[in-house]
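Please open the model in your viewer and display it as a cartoon, with strands and helices coloured separately. The tour below proceeds selection by selection.

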Amino acid sequence: MRVMVREGLFTDPDAGPPALLGSRCAACGSVLFPRADACTYCATEDPDPVELSGTGTLWAWTAVTAAPPGYTGEVPFGVGVVELPEGVRVIARLTESDPAALATGQPMELRIETLHRDDEGNDVVTYTFAPSRPS
Amino acid sequence: MTGVAVTGVGLHPFGRFDGVSTTDMGVAAVRAALREAGVGKGGFQAAFCGTAYGGVATGHKVLSRLGMTGMPIVDVEAGCASGSAALMLAAAAIRAGQYDTVVVFGTEKMPRGIIRSSFFEPWQEEAGLASTPAFFGLRAQRLCLTSGITKDHLARVVVKNRRHGAANPDAMYQKETTVEEVLASRVVCEPLHLFMLCSPNEGAAALVLRRADLASSSPAPVTLAAAVLRSHIPGPVLSESTPLAGLARDDVPAPTTLSATAAYEEAGLGPPDLHVVECQDTDAARELGSCEELGLCEPGGSAALLDSGATELGGRLPVNPSGGLLSKGEPLGASALGQVVELVRQLRGECGPRQVEGARTALSHTVGRGANAGVVILTR
């Protein structure tokens, strides 16, 4: 069975194409990720829940070469920033761990990946971005 | 409103000291600062202690060992800017007339390895997103892109600061390095190599602040012209506030810029008036970004500033004459006050081979998770 690394960050991984769960502020129009009790930018309460676009462009990237604190998965792994059409930049893991294989502005798409298997035999999954497949 | 003078400074060297406790280091630094200021038991009315990993009552433990308690003793945590925050509180209390004399110190023993920060939620650690060097790497990559910085520039920041640090007996690394050696060290997070990142470590620093009209003339008092702390405005995805997302905008000022703007106004001077700067160089790109955010050059101008030689000892505006955190290492609670200790000694002309000749106006800068950015301006 697949379990999310944290509930409420992305849609059910077993139910169709994944999407990040964000909010849009009714007052200032800003898009937030993850969901929040109030708009980060104008403090208006209860922004509207939205699902974010599953595609975007690469804005920054690097690779982590040594396991950071509390992390038991494989290294190296990619980390980057992907800009979504809603005007939001999201920090995420990247499926590509070779920085030389990536370029600014490159199309990226959201995926779900397994981090590790927990003590109860579940696959712990999280969101990640991969270079878009040529269409 | 009364002015504030720094009448004594003390430092425990920065490095790794097995068998020496957080309290031991704090005692050494505070004792040295009190001695220099000629202040003893009953001579100060409050104490503020910066620490991030020290634990419960870190400041009390230090002052208890010195037999000096009874006054308010407050521990202050603001990440890398913990010492700046403690200094801001102490200076404000003196200006407000609440106290005549206050002791401000910071002491820290960082865990070994990549910093584990309680800032991150457990799931962020589990997902590998609690990697501080990765955030430094992403920020460095963007700065390289927007400011025309190359890996050679990043290596030369390290070479410069390590050259300065070679003349600082309180630094962790007192050995010069070369561009080739920096670039041959392993890549931690592109574009940052191991030598381009500062080492978390151990140390302590202390200051005695006094109402300027009560400060004696020996040692020559240094004026605390501004001590400002600001947090972030949300928006930049790679801000030290370390959010999970931000806006696709590049016009939101950084917390360092907010803090510097307020500090220049408070001190009634600007970047052209500065003679020496100690700034946050937790990685080599951070020093260049700090120069831009502090207004030491135009936005995008930090590579040209480095190329000009201005920021080297002997240049127009030496940056990190102590060797910076790249030479000293970073004990979070002590790092900001360590910069201020260096600058007080620079303004007094006590720095020997790393002295910035004729320095009369100095700025220190730290920025850390939260985000918290501290800027301190000293004059004499």
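Two strands are said to pair if DSSP finds at least two bridges between them. The model is predicted, and the pairings described here are computed from it.

**First stop: strand S7 of chain A.** Select residues 88-94 of chain A, which form strand S7. Is this strand mostly covered or mostly exposed? It is mostly covered, with 7 of its 7 residues buried. A residue counts as buried if 20 or more other C-beta atoms lie within 10 Å of its own.

**Second stop: the hairpin.** Add residues 77-84 of chain A, strand S6, which pairs with S7(A) in the antiparallel sense over 7 bridges. Within this pairing, A:Leu84 has A:Val88 as its bridge partner. The two strands form a hairpin with 3 residues between them. In the turn, select A:Gly87, whose phi is positive at about 85°.

**Third stop: further partners of S7(A).** Which strand of chain B pairs with S7(A)? Select residues 245-247 of chain B: this is strand S9 of that chain, and it pairs with S7(A) in the antiparallel sense over 3 bridges. Here A:Val90 has B:Ala245 as its bridge partner. Then return to chain A and select residues 123-131, its own strand S9, which runs parallel to S7(A) and is joined to it by 2 bridges. In this pairing A:Arg93 stands opposite A:Thr128.

**Fourth stop: the three-stranded sheet of chain A.** Display S3, S2 and S4 of chain A, which in that order make an open sheet with antiparallel pairing. Strand S3 (31-32) and strand S4 (48-51) each have a single partner strand, so one side of each is left without a neighbour in the sheet. Now select residues 21-24, strand S2, which pairs with S3(A) in the antiparallel sense over 2 bridges. A:Ser23 of this pairing stands opposite A:Leu32.

**Fifth stop: the nine-stranded sheet of chain B.** Move to chain B, where an open sheet of 9 strands with mixed pairing has the order S3-S2-S4-S7-S1-S8-S12-S11-S10. At its edges are strand S3 (73-76) and strand S10 (276-278), each pairing on one side only. Neighbouring strands of this sheet are turned by 20° against each other on average, direction ignored.

**Last stop: one parallel pair and a helix.** Select residues 46-50 and 101-109 of chain B, strands S2 and S4, which pair in the parallel sense over 5 bridges. The bridge partner of B:Ala46 is B:Val102. Finally, add residues 58-65 of chain B: this is helix H2, lying across S2, S3 and S4 of chain B and running at about 135° to S3(B).

Key
Residues numbered from 1 in each chain as written. Chains lettered and ligands numbered in written order. Predicted model: local features only at pLDDT ≥ 70, side-chain atom pairs only at ≥ 80, totals over all residues. Buried ≥ 20, exposed ≤ 12 C-beta atoms within 10 Å, placed from the backbone. Helix = DSSP H or I, 4+ residues; strand = E, 2+ residues; numbered from the N terminus. Axes fitted to C-alpha atoms, helices over the stretch in contact; angles between N-to-C directions. Contact = placed C-beta atoms within 7 Å.
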